[in-house]
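Biologist: I have the sequence and the model open side by side, and I would like a close look at a single part. Could you take me through it, and then on to what lies along the chain from there?

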Amino acid sequence: MKIARSWLETFVDLPESNDVLREVLDDLGLVVEGVEVVGEGLGDVLVARVESISAIPGADRIRLVSARAGGDPLDIVCGAMNFAVGDLVPLAPVGAVLPGGFEIARRTMRGVVSNGMLCSGRELGLGDDHSGLLILDPSLEPGELLTNALGISPDVIFDISIEGNRPDAWCVAGVARDVATRLNRPWRDVSLAMSASATSTASVANAGIDDVDLCGRLTVSYLRGVRVGPSPSWVARRVESAGMRSINNVVDASNFVMLELGQPTHPYDASRVAQRTLRARRAREGETLETLDGVVRTLARAGRGLGDTGEDCVIVDGDDRVLGLAGIMGGASSEIDASTTEVLLEAAYFDPMAIARSSKRHGLRSEASARFERGVDPELALRAAARFVDVLRASVPDLEWLAEPLDVRGLTPTPATVVLRPGDVARLLGADLGNAEVTRLLEGLGFQVRPISEGLEVVAPSTRPDVRTGARGRADVIEEIARLHGYRQLPRRTPTWPQPGGLTSRQRERRVLRDAVVDLGILEVWTPTLGSDEDFDLLRRDSPRVRVTNPLAADESVLRATMVTGILTTWAKNVERGLGDVALGEFGVVFRHPDDHGTLARATRGGEGGSVALRLPFENERLTVVLGRHGDDATRALRLWSTLGARLNVADVVLNTQATLPPGWHPTRSATIEDATTRAVLGYVGETDPDLVDHVLGGNVERRVAMLDLDLDVLLDPTRATRRSEFTTIPSRYPSAMMDLALVTPNTLSAHELATVLRAASPLVEDVRLFDVYRGQNLASGTRSLAFAIRFSADDRTLSEEEVTQARQALLASAATRGAVLR
């Protein structure tokens, strides 16, 4: 947003140095993107009257203009087309030097000599408009210096970047209020017109709101005796300094007020408005409107409430004819022109999201929509109308403003109330500014501050819809205090902590696990967290699912309950391209519906007003690995688990082949990984269900695919006691004795339990490892053979044959207590 220094000075006394002012604005969060000096280099430019316009043979883009600037007419070649005979325009004669050091010289074009240049606003540094010449007030005198005629003096334009959460700063008055509060200088208000008319507005006009959720307030003023013409030079100059084009005194007054106070207004030619009535409502499906830019737009009303992006708010007249796209742009049918003598002035408050959605859908963004979609002050409308009349009376002194403008109310936001408790400011900013300074800073922005027993009660002004309630609102208010006081003035402190930062045990172990996965040649992949119902139904057709209400794509709205589907699909795509001989793994989060999880996951929302229990999905971090290389099977998956478990020093873990497996696992070649003590499930290991492999591969390839799926929430839980010590005793320096025992055991006895019994059978047992499992001939039904490699040793001697034999007998005796006998 561009703001002239001279405009700011009408509200507050500024520092003499522009550099100091720029620093103040930057520190207030109103970042200055650029500074431009205007009004310099115009000392040679004159006011000239156009005497005649003639064509140049062979040229269709330039014309020969005869202009008089107090002396003899000068022939000037000009390419602009927006002026006529009798208009007053700026003339830079030969020898004049324009802003930027551009010197005017005599030139010949198409055989015609041009003795100067007729100038646009941009060429003079008086605005951004370069579409045509700068048309001057017809009351000026030809030959007069332009600087004297327009009262131009050098000025500075600050190009300020305003954040989206500062709707109050999208106007000159808002920026000036920030500066005045920071500098502790008086803030001067603008002059407002008063109505002296004996006629009430209600006697000649009507206003109404059909949809109060879209239009929160609609005010309508009626003006008589309007004469459309050029704006006074000071009005046009300020409008153009902000980058807008001066059009006429009525439109310029509307833009002037919007730039100055932040309230967009819209003037309608009253003679073109049926029954002198303005009403706000939802658009109806199929309605059209030709906007002021000449584009015919199809409007829409979705009929499902404001949450649907397919509805527009429109302004209609007494015949229910659409006059304008509310808050964005008016229609051509009621446009102000030279014949206008009576004006209906609309000043309103529209729902910010409704304006933002309409603006985006129609691809139509205006200065008005930029302000409405951020939140205009709902209490500003009538004040803006009074300022509009005051500005317009500068060019139409006998303008009549009918008494008691119409004011219809809908739904408007309620200003937030926040309580600042003693010490709140000091705790957040590290400095105690005192109640007096806090009150001064907040009241400077229009906050209402009242001492109460709990501290200070702060009521946000209607200009600040961004201030919230509760603890967040308290932070918003303290942020304003810090911004106005100055961040650079707050004391600097080096933060200290009771203990240095570092990784948690879970973070460390996750890194160990990730490094191990990569070391084993497994390629880490990322699969989408959101998928389709079809993806979900592949493994969990009858399970409740967690659905996102506002997905980016309609077919990707379900949060995944497993990573198996995504990784297998990725592997299948590699197989299609001849790259399927890979192992893929992913660390990620899966989501379970609270009803599916069996318990209601709850969270608390709220603050000072209480709390509300929320049903939240259960989130679970997992590591899923798909081994799709040729030869990968359940055995390799088990070896992978053994390696990863060893890296994490996991102990006392058993495989349970009798447990119920999740969908997608091979029913006979998979098992759950369980804590031997608590029976907590650490994950699953084995092979993929062949039907699932056929589905993802389209039935084209027959191969085994192994998988490992680990629950990291359980596996990396630091409270789990089943971990091996990271320290081992020094091995005995005496020779050890090795022995293999094949024991026939009931199928109900786990290998882990039997190995534990064997380790405890004799103090000479150093290690027990399972190396073979056999089921088949010569074994009774319901039994199997488990072969263990056992190592005996002593720390102080070489074991004798008799000692080894005794230890062997002790192991067999202990095994017998569990129903295991020597094969």
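Which helices and strands each supply at least two residues of the lining of the second largest pocket?

Modeller: Happy to. This is a predicted model, in which local features need pLDDT of at least 70 and side-chain atom pairs count only at pLDDT 80 or more, while totals for chains, interfaces and linings use all residues. Residues are numbered from 1 along each chain as its sequence is written, and side-chain values use heavy atoms, with hydrogens and water left out.

Now to your pocket. Two helices, H6 (249-261) and H8 (367-372), and three strands, E15 (265-269), E20 (322-325) and E21 (329-330), each supply at least two residues of its lining. Helices (H or I, at least four residues) and strands (E, at least two) are DSSP runs, numbered from the N terminus. The volume of this second largest pocket is about 780 Å³. Of its 32 lining residues, Val251, Asn255, His266, Leu292 and Met329 are the closest to the centre. A pocket here is an open set of points on a 1 Å grid over the protein atoms alone, where a 1.4 Å probe fits and protein lies on both sides within 12 Å along at least five of seven lines; a lining residue has an atom within 4 Å of a point. Grid points are joined across faces, edges and corners, and the volume is the space filled by probe spheres set on the points.

Two of those lining elements lead on along the chain. Follow E15 first, into the loop that joins it to strand E16 (277-282), and you meet Gln275. Its phi is positive, near 60°. Most residues other than glycine have a negative phi. Gln275 counts as exposed, at 52% relative accessibility; exposed means over 50% relative accessible area, buried under 20%, and partly exposed in between (1.4 Å probe, protein chains only).

E16 itself is another matter: six of its six residues are buried, so the strand is largely enclosed by the rest of the structure. It has partners, too. Strand E13 (residues 206-209) pairs with E16 in the parallel sense over four bridges, and two strands count as paired if DSSP finds at least two bridges between them. Within that pairing, Asn206 has Thr277 as its bridge partner. Strand E19 (residues 313-316) is joined to E16 by four bridges as well, but in the antiparallel sense, with Ala280 opposite Ile315.

Now follow the other lead, helix H8. Pro378 sits in the loop between H8 and helix H9 (381-392). With a relative accessible area of 4%, Pro378 is buried. Leaving aside neighbours within four places in sequence, Pro378 is in contact with Arg217, Tyr349, Arg409, Thr412, Pro413 and Ser462, where contact means heavy atoms within 4.5 Å. Leu712, by comparison, is 334 residues from Pro378 in sequence and 53 Å away in space, C-alpha to C-alpha.

One of those contacts, Arg409, takes us to strand E24 (406-409), and the loop between strand E23 (400-401) and E24 holds Glu404. Glu404 has a positive phi near 50°. Its relative accessible area is 61%, so Glu404 is exposed.

If you would like a helix to set beside these strands, try H4 (residues 172-183). Ten of its 12 residues are buried, so H4 is largely enclosed by the rest of the structure; among the buried ones are Val172, Gly174, Asp178 and Arg182. Its end C-alpha atoms are 16 Å apart, which agrees with the 16 Å expected at 1.5 Å a residue; the expected span is 1.5 Å times one less than the number of residues. Right after H4 comes Asn184, with a positive phi near 55°.

Further along the chain, strand E37 (residues 681-688) is mostly covered, with seven of its eight residues buried. Six bridges join E37 to strand E36 (residues 665-675) in the antiparallel sense, and Glu674 has Val681 as its bridge partner. Five residues lie between the two strands of this hairpin, and there Arg679 takes a positive phi near 65°. E37 also runs antiparallel to strand E38 (residues 706-711), joined by five bridges, with Glu687 opposite Ala706.
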